[in-house]
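Biologist: I am new to this structure and would like to learn how to read it. Could we start with a strand pair and work outwards?

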Amino acid sequence: MYYLNEAQQRSLLNQPETGMGYQLVELTTFAFRKVVGMAYNAEIVLERDEPEQKAFLRALALGAHLKSYGQEVRDVKLLSLSSSEFRAFLLREPRAAYAAATPGPAKDAPVVATKAGEVFKRFSAYTNDHRIEADGSLKSGTDATTEADARLVRTGKEAVARYALPNPDPAVNVFTIRPVAATAIQYGVVQPAYGQPGGGVEVLFTHATAARSVTGPNKIPPG
Amino acid sequence: MRVPLDKKWSERLVKLPESGMGYQRVDIRFAGNRTARDVMVFNAEEAELPEEFARLPITDVVVRGAKD
């Protein structure tokens, strides 16, 4: 895995995506090796058949800091759709490999444990969200998102789009969830649905959280 | 149209898992053996129902499974 420095990230961010969330790039390593790979979130680049690909993509989706895991590179160049490298890449690359590496919905993910201090957010159109008990706990089987992902959402309408909510009412109520360490949880990525793009991180609390673990709501603009 | 659910159904639904953040996909059975399938229920209290079902008495609400 390769990690792009800030200037390289800015450079990619100023150029179009190859597809939603990725760019096909050619790297030059400090040993002057040329590498063709996929840049995700204009931040990391994965080579074809990268063994840890799925784990890195999941970590990236969850907002993890991956800098220490990746090699830095001398240069990065976006490959144009008409380039010979791009056509060669498409011919070699089985499409299913990337589909399989893309995290799916939370309900299909393994159950893991939250870490101490992890914070989650829940967007709701309702101030009186019935998934939240009077004692400030969250009912089992409740969906939310990570704090890092929630930072990308500025309005209730953006929440509807990012979390592919079927209720078109702006989800302007933001609840904060601070579960105790080792709370059971599943992580995934919201799939497109209901005419919304999805793409946000979703977490599913498979068990109820502790009392007083939920606060809010804070209000955001409807958009 | 949005139809508020009776407390009885809301109390049942909040004990069941969500289908996504803030909603559940359910099948609703009505008197007369009619069923509305894949209905969205928001906040366990409001169902998005076709108008033809809106005034019928509900006899059962079942959350749809992942494979439905």
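Modeller: Start with a single bridge: B:Tyr23 has B:Phe42 in E3(B) as its bridge partner. Keep in mind that this is a predicted model.

Biologist: How many bridges join strand E2 and strand E3 of chain B, and in which sense do they pair?

Modeller: Strand E2 (residues 23-30) and strand E3 (residues 34-42) of chain B are joined by seven bridges, in the antiparallel sense.

Biologist: What is the order of the open sheet in chain B?

Modeller: Its five strands follow the order E1-E4-E3-E2-E5, with antiparallel pairing. At the edges of this sheet stand strand E1 (2-4) and strand E5 (58-63) of chain B; each has a single partner strand, so one side of each has no neighbour in the sheet. From one strand to the next, the twist averages 35 degrees.

Biologist: Now chain A. How many helices and strands does chain A have?

Modeller: Chain A has six helices and twelve strands. Seven strands of chain A make an open sheet, ordered E6-E10-E11-E8-E7-E9-E12, and the pairing is antiparallel. Here the edges are strand E6 (112-113) and strand E12 (214-219), each with a single partner strand, so one side of each lacks a neighbour in the sheet.

Biologist: Which strands pair with E8(A)?

Modeller: Strand E7 (residues 120-124) of chain A runs antiparallel to strand E8 (residues 142-146), with two bridges between them. In these bridges, A:Phe120 stands opposite A:Thr146, and A:Lys121 has A:Thr145 as its partner. E8(A) also pairs with strand E11 (residues 201-205) of chain A, in the antiparallel sense over three bridges. One of the bridge partners there is A:Phe205, opposite A:Thr142.

Biologist: Is E8(A) mostly covered or exposed?

Modeller: E8(A) is mostly covered, with five of its five residues buried. Over chain A as a whole, 36% of the 223 residues count as buried.

Biologist: Why does A:Tyr2 count as buried?

Modeller: The test is a count of neighbours, and the cut-off is 20 or more other C-beta atoms within 10 Å. A:Tyr2 counts as buried because it has 22 C-beta neighbours inside 10 Å. This residue is found in strand E1 (residues 2-3) of chain A. Setting aside residues up to four places away in sequence, A:Tyr2 touches A:Leu27, A:Ile44, A:Val45, A:Gly70, A:Gln71 and A:Val73. A:Gly70 is 68 residues from A:Tyr2 along the chain, yet their C-alpha atoms are separated by 4.5 Å.

Biologist: What should I expect of nonpolar residues?

Modeller: In soluble globular proteins, nonpolar side chains tend to be buried together. In this model, the largest nonpolar core has 44 residues, and those with the most contacts inside it include A:Tyr163, A:Val203 and B:Val41. Among the elements that each supply at least two residues are helix H6 (156-162) of chain A and E2 and E3 of chain B. E11(A) gives the most, with four residues. A second, separate core has 18 residues, including A:Leu27 and A:Val45.

Biologist: How many residues does each chain bring to the contact between chain A and chain B?

Modeller: Chain B brings 15 residues and chain A brings 21 residues. On the chain B side, nine residues are nonpolar, four are polar and two are charged.

Terms used
Residues numbered from 1 in each chain as written. Chains lettered and ligands numbered in written order. Predicted model: local features only at pLDDT ≥ 70, side-chain atom pairs only at ≥ 80, totals over all residues. Contact = placed C-beta atoms within 7 Å. Nonpolar A, V, L, I, M, F, W, Y, C, P; charged D, E, K, R; others polar. Buried ≥ 20, exposed ≤ 12 C-beta atoms within 10 Å, placed from the backbone. Pairing = 2+ DSSP bridges. Axes fitted to C-alpha atoms, helices over the stretch in contact; angles between N-to-C directions. Core = buried A, V, L, I, M, F, W, Y, C linked by C-beta atoms within 7 Å.
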